[in-house]
Amino acid sequence: MLASRAFFRIVLSRPKLSIVSRINIQRNMGSVSAIDSSIFRSLFGTEEIRKVFDDKAYINRCIDAETALARAQSQCGVIPSHIGSAITTSAVSSKLDLDKLARETEIVGYPILPLVTQLAAMCDEEAGRYVHWGATTQDIMDIASVLQMKTGLDIVERLLGDVSKSLEVLAEKYKDTPMAGRTHLQHALPVTFGYKCAVWLSSLQRHQERLKQLRPRALLVQYGGAAGTLASLGSGDDGLRVRKELAKELNLVNPSITWHVARDGVAEIVNFLALVGGSLGKLALDLIIMSSNELGEVSEPFVPHRGASSTMPQKRNPISSEVILAASKILRSNASLVLDGMVSDFERASGPWHLEWVAIPESFVIAVGALHQADFALSGLVVNTEQMGKNLRSTQGLIVGEAVMMGLAPYLGRGKAHDVVYEACKESIEGAGTLFDCLVKKKAVTESLDEEKLKALCDPFNYLGASQQMVDDVLAFRT
């Protein structure tokens, strides 16, 4: 069985490492985080999302915020009209002394003052005076973070679409493939595998809708000055005009009021990622259990040695599903961090804001990694329909106990029908034969139903309810 498209796209097309890449890997060997580890990084995250949130990208977004602010202020006549373009041309990241920036950030506690000092020095004397005009550290850091999240959400949206397409294929292909539906890990009623896939898919469709809705609420520009009042630009409307123009420059939403101590937008984004992780975690747990030897209904795409054991040659562990399950737990943990960060004191948080510096980048890397693993697992999922059928029949008809009860209910009443079928199920479990064998021995059954109708009620293929129609309804919303 071939591996899925996602695995070949990332692994088989990976270029040979350059000398620089080898040096970077050696440096990363000192990492203490799984998501940045040279050993584990390919399991937790992708290079694409890391490049959005790495140090270089963050500093570039801070510079984008500073230069956009200067252009907005020039456009609004708050600073000379030529200054915005002069600062934009002069302030470039390649000229930064990053080691000095790191040292001074440790002293100051934030990177913006050291950054502004270097950016001002890059400009001529006139333009340098206007760098960071009327702004405060959090304005720039919040803008940089929002710009990163904006790009990160675009990646999440694309991968949500990829995973949804894989589920659409599975739901459509296996819409009529019966299997055991389970509650409390025991046989409940027959379902189809396509129905199960469509349930997974439906949650991702809702996440796609949530993502579209949250962007205008959460992707807000930040510009308020020291306490959020824009007093640094005077008592008129200059500050509000600059903020509006700044939002336009950065393609962000202009808020009605400064939000630097109202962190619900950030919390919504990270909690959205946790919701995505929760849905993927449910899917992964199902796949893990279904791939057990006792069930054997599905398995992840076969790649030589993937999921292998160091001591048991027979093992093919569901690695992608295991990583997804872990990722879902990490995302839920980070969601609580940003909720905690919402509880900030007065007009500048004295610590809760710092939680976001950890939770936001990690959540995006982990969420994108989980989506990537899900696309790999689902796009090449091995589905054992024969084993699904065997498992469905393994309880000798007990799985259709409700069907028989509902068939008898019009004749005996629901309560009496339940008691009759319960007794027959008990006898079957104790070895008296199939559910049908036990039912035909009961006078209350044979006086109510002829043998052909009873056989039809005992056929799990006849008790799928509206599951197939619901698959069609979910697929009608396909991306």
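Which side chain does a polar contact of 3.1 Å join to that of Arg 215? Keep that in mind while you get set up; this is a predicted model.

**Stop one: Arg 215.** Select helix 10, residues 193-218, and pick out Arg 215 within it. Now show side chains: the one you're after is Asp 154, linked to the Arg 215 side chain by a polar contact of 3.1 Å. Add Glu 157 to the selection too, since its side chain also has a polar contact of 3.1 Å with that of Arg 215. Is Arg 215 buried or exposed? Its relative accessibility is 18%, and the cut-off for buried is under 20%, so Arg 215 counts as buried. To see what it touches, leaving out residues up to four places away in sequence, display Leu 153, Asp 154, Glu 157 and Val 253.

**Stop two: the hairpin.** Next, select residues 178-183 for strand 1 and residues 186-192 for strand 2; the two run antiparallel, with five bridges joining them. Click on Pro 178 and look across to strand 2, where its bridge partner is Thr 192. Then go to the turn: two residues lie between the strands, and in this hairpin His 184 takes a positive phi near 55 degrees.

**Stop three: a nonpolar patch.** Finally, switch on the surface and select Ile 107, Val 108 and Leu 113, which make a nonpolar surface patch of about 310 Å². Ile 107 sits in helix 6, residues 98-108. With a relative accessible area of 72%, Ile 107 is exposed, whereas Arg 215 from the opening stop is buried.

Key:
Residues are numbered from 1 along each chain as its sequence is written. This is a predicted model: local features need pLDDT of at least 70, side-chain atom pairs count only at pLDDT 80 or more; totals for chains, interfaces and linings use all residues. Side-chain values use heavy atoms; hydrogens and water are left out. Two strands pair if DSSP finds at least two bridges between them. Helices (H or I, at least four residues) and strands (E, at least two) are DSSP runs, numbered from the N terminus. Patches are made of residues with over 30% relative accessible area and no salt bridge: like charges are joined within 9 Å, nonpolar side chains (Val, Leu, Ile, Met, Phe, Trp, Tyr) within 5 Å. Accessible areas come from the Shrake-Rupley method with a 1.4 Å probe; for residues, only the protein chains shown count as cover. A salt bridge is a side-chain nitrogen of Lys or Arg within 4 Å of a carboxyl oxygen of Asp or Glu. Buried means under 20% relative accessible area, exposed over 50%, partly exposed in between (1.4 Å probe, protein chains only). A polar contact is a pair of N or O atoms within 3.5 Å; within protein, one must be able to donate a hydrogen and the other to accept it, and residues adjacent in sequence count only if both atoms are side-chain atoms. Contact means heavy atoms within 4.5 Å.
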